[in-house]
Amino acid sequence: MLLSGVAFSELELPDIILARDLQRDKVQDVEKKLLETIYDLTTMAGQLHLGRDRAFRNYFLLECVPCLLVENPIEADHVGVCFEPTPVADCSEYGSEEATRQFVLGCSGNMNTCSVHGEPQKRRPRWTFVDSMEKVDQIVAACNPRGYREIDLAEEITFHHPRIAEVMEKVEAKLANGQFTSLFMVDQADPALMQSGVEWDIEIRELLLDLEEKVCFYLT
């Protein structure tokens, strides 16, 4: 009724303006509820990408696990190469500019030592996780307000802070009772190393012969 049943031709200008304002508020309210529903379904069934930090690491929130995962970039991400080293304003805490860059994940300007683009980046594990809400707050505090990736990351974490807090509460509880590692089946045998009982060389050869026979049949 509010959206389609208003007789604007019978209203005075102030009433028309009021009706339009009410319609806009109604549409925004419905849109907000739909977005919340979409978000709930997405996070229950998949992952929410929160953003990337200065080292091109991706942050994923998974409510279904629950976990806040951090993915180190791989070669396919094309993070680029070093140019000029990241400026360091104060290196007194870590003893040198190079040590400071290593700690804060800044570019060293040298592919052999750079934690962002070089060999040290490749030695980091592909996946890690955030184990407490305190660490989440530290990540936000460490984000560079002038870094375009970290601005987005900080904003996303801040926006989803209540949901992240719920997830981290579950993470901390599962870490405390020793159930967290079971979520990722890290103690299970690697399926790639398990005996399947299938002779794949023979199986694939037979499939190819069968395909060849069918192709020849249709061509003739």
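Let's start with Arg-57, which is partly exposed at 21% relative accessibility. Keep in mind that this is a predicted model. The cut-off for buried is under 20% relative accessible area, so Arg-57, at 21%, counts as partly exposed. Its salt-bridge partner is Asp-53, and the N to O distance between the two side chains is 2.7 Å. Asp-53, for its part, is buried, with a relative accessible area of 4%.

How many salt bridges does a search of the whole structure find? It finds 9, and I'd like to show you two others from that set. One of them joins Asp-29 and Lys-33, with 3.5 Å from N to O. Both residues sit in helix α1, which covers residues 13-45, and they are 4 residues apart, about one turn of the helix. Asp-29 is partly exposed here, with a relative accessible area of 33%.

The other one pairs Arg-126 with Glu-71, and their closest N and O atoms are 2.6 Å apart. Arg-126 lies in the loop between α3 (119-123) and β4 (127-129), while Glu-71 belongs to strand β3 (residues 67-71), so this pair ties together parts that are 55 residues apart in sequence. Arg-126 is partly exposed at 37% relative accessibility, whereas Glu-71 is buried at 10%.

Glu-71 brings us to β3, so please turn to that strand. Is β3 mostly covered or mostly open? Mostly covered: 5 of its 5 residues are buried. In a regular strand, side chains alternate between the two faces of the sheet. In β3, Cys-67, Leu-69 and Glu-71 point one way, Leu-68 and Val-70 point the other way, and all are buried.

What about the neighbours of β3? Strand β2, residues 58-62, pairs with β3 in the antiparallel sense over 5 bridges, and a hairpin of 4 residues joins the two. Within that pairing, Leu-61 stands opposite Leu-68. β4 also pairs with β3 in the antiparallel sense, over 3 bridges, and there Phe-129 is the bridge partner of Leu-69.

Last stop, the helices α5 (residues 148-159) and α6 (residues 161-177). Their axes come within 5 Å and cross at roughly 75°, which means α5 is roughly perpendicular to α6. Which residues make the contact? From α5 we have Ile-157, Thr-158 and Phe-159, and from α6 His-161, Pro-162 and Ile-164. By class, that contact has 4 nonpolar and 2 polar residues, with no charged ones.

How values were computed:
Residues numbered from 1 in each chain as written. Predicted model: local features only at pLDDT ≥ 70, side-chain atom pairs only at ≥ 80, totals over all residues. Heavy atoms only, no water. Salt bridge = Lys/Arg side-chain N within 4 Å of Asp/Glu carboxyl O. Buried < 20%, exposed > 50% of the residue type's maximum accessible area, 1.4 Å probe, protein only. Axes fitted to C-alpha atoms, helices over the stretch in contact; angles between N-to-C directions. Parallel < 35°, antiparallel > 145°, perpendicular 65-115°, else oblique. Contact = heavy atoms within 4.5 Å. Nonpolar A, V, L, I, M, F, W, Y, C, P; charged D, E, K, R; others polar. Pairing = 2+ DSSP bridges.
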